[in-house]
Amino acid sequence: MKSSSTGQVTDIESCAAKVVDPDRVAAVRSRMPAESDLGDTADVFGLLSDPGRLRLLLALLEGELCVCDLAVVSGLSESAASHALRLLRAHRVVAVRRAGRMAYYRLDDAHVRMLLDLAVAHTEHTEAIHPERRGTETKAEASPPERSQTSG
C-alpha cells in the first residue's frame, strides 16, 4: 500500500479497470494450455531446478553416458545419480539403454536438448539473480568435476 499526498491510502497492487483489453485477454486465455499440461510443464521445470539433476542433464548434452560416468561428472554418488536418473526417466526427460548390467542414459528428445541449450544461453547473457555471489565462485565451483578416464 502507498500513501498519497492527500493522505489517502491506495492499493498499488490492483488495476483501476479489471479488463483493459478484453479481446486480447480472450485471445490469450484461448491459447492457454490445459491445467494438466501446465502442471506437467511445471514438473519439468521443477526437475531442472535441482543442481545435481541439472548437471546430469548438461552432461548428457555431450551424448550417452553410463551411470558411473554420470556420477563422476555430476559429483553425485552412484546411488544419488541413479535415483535422479530414474526420476528424470519417469518424466520422459531422459531415456535409458541397457547393455547387460550397465545402464546408459541419453536425453529423451530434441525438445529437452533445446530447453537446456536455451536455459544455459539465457544465464550466460543475463546478470546473476544473486549479485552478492558475483566474483566469489571459483573455477572449480563453476564447472563440474573432471570426467574419469575409466568407463563405468
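Ser 74 lies in helix H4, which covers residues 67-74. The model described here is predicted. Ser 74 has a relative accessibility of 1%, so the residue counts as buried; the cut-off for burial is under 20%. Two polar contacts involve the side chain of Ser 74. A polar atom of this side chain lies 3.3 Å from the backbone oxygen of Ala 71. The side chain also reaches the backbone nitrogen of Leu 76, again at 3.3 Å.

The overall layout of the chain comes next. Its secondary structure amounts to 7 helices and 5 strands. Read from the N terminus, the order of elements is β-β-α-α-α-β-α-α-β-β-α-α. The chain has 152 residues, and 19% of them count as buried. About 11400 Å² of the chain is exposed. Carbon and sulfur atoms supply 54% of that area. Contacts between residues at least 6 apart in sequence were also examined. Of these, 52% join residues at least 24 apart.

An open sheet is formed by 3 strands. Their order is E3-E5-E4, and the pairing is antiparallel. Strand E3 (65-66) and strand E4 (94-99) stand at the edges. Each has a single partner strand, so one side of each is left without a neighbour in the sheet.

The pairing can be followed residue by residue. E3 is joined to strand E5, residues 102-107, by 2 bridges. Leu 65 has Tyr 105 of E5 as its bridge partner. Cys 66 stands opposite Tyr 104, also in E5. On the other side of the pairing, E4 and E5 are joined by 6 bridges and run antiparallel. Here Arg 98 stands opposite Ala 103 of E5. Ala 99 has Met 102 in E5 as its bridge partner. E4 and E5 form a hairpin, with 2 residues between the strands. Gly 100 sits in the turn and has a positive phi of about 65°.

The two faces of E5 differ in cover. Ala 103, Tyr 105 and Leu 107 make up the covered face. Met 102, Tyr 104 and Arg 106 make up the uncovered face. The bridge partners described above include residues from both faces: Tyr 105 from the covered face pairs with Leu 65, and Tyr 104 from the uncovered face stands opposite Cys 66. Helix H3, residues 51-60, lies across E3, E4 and E5. This helix runs at about 85° to E5.

The loop before E4 holds two residues of interest. Arg 92 lies in this loop, between helix H5 (78-90) and E4. Arg 92 has a positive phi of about 60°, although it is not a glycine. The relative accessibility of Arg 92 is 62%, so this residue counts as exposed; the cut-off for exposed is over 50%. Val 93 is found in the loop between H5 and E4 as well. In contrast to exposed Arg 92, Val 93 is buried, with a relative accessible area of 6%.

The contacts of Val 93 reach several parts of the chain. Residues up to four places away in sequence are not counted here. Val 93 touches Leu 47, Leu 57, Leu 88, Leu 107, Asp 108 and Val 112. One of these, Leu 107, belongs to the covered face of E5. Val 93 and Leu 48 are 45 residues apart along the chain, and their C-alpha atoms are separated by 9.9 Å.

A second pair distant in sequence involves helix H2. Asp 43 lies in H2, residues 35-48. With a relative accessible area of 40%, Asp 43 is partly exposed. Asp 43 and His 91 are 48 residues apart in sequence. In space, their C-alpha atoms are 8.3 Å apart.

Helix H6 spans residues 110-125 and has 16 residues. From its first C-alpha to its last, H6 reaches 23 Å. This is close to the 22 Å expected at 1.5 Å a residue. A polar contact is found at the start of H6. There, a side-chain oxygen of Asp 109 reaches to within 2.9 Å of the backbone nitrogen of His 111.

Methods. Residues are numbered from 1 along each chain as its sequence is written. This is a predicted model: local features need pLDDT of at least 70, side-chain atom pairs count only at pLDDT 80 or more; totals for chains, interfaces and linings use all residues. Side-chain values use heavy atoms; hydrogens and water are left out. Helices (H or I, at least four residues) and strands (E, at least two) are DSSP runs, numbered from the N terminus. The expected span of a helix is 1.5 Å times one less than its number of residues. A polar contact is a pair of N or O atoms within 3.5 Å; within protein, one must be able to donate a hydrogen and the other to accept it, and residues adjacent in sequence count only if both atoms are side-chain atoms. Buried means under 20% relative accessible area, exposed over 50%, partly exposed in between (1.4 Å probe, protein chains only). Contact means heavy atoms within 4.5 Å. Accessible areas come from the Shrake-Rupley method with a 1.4 Å probe; for residues, only the protein chains shown count as cover. Two strands pair if DSSP finds at least two bridges between them. Axes are lines fitted to C-alpha atoms, for helices over the stretch in contact, and angles run from 0 to 180 degrees between N-to-C directions.
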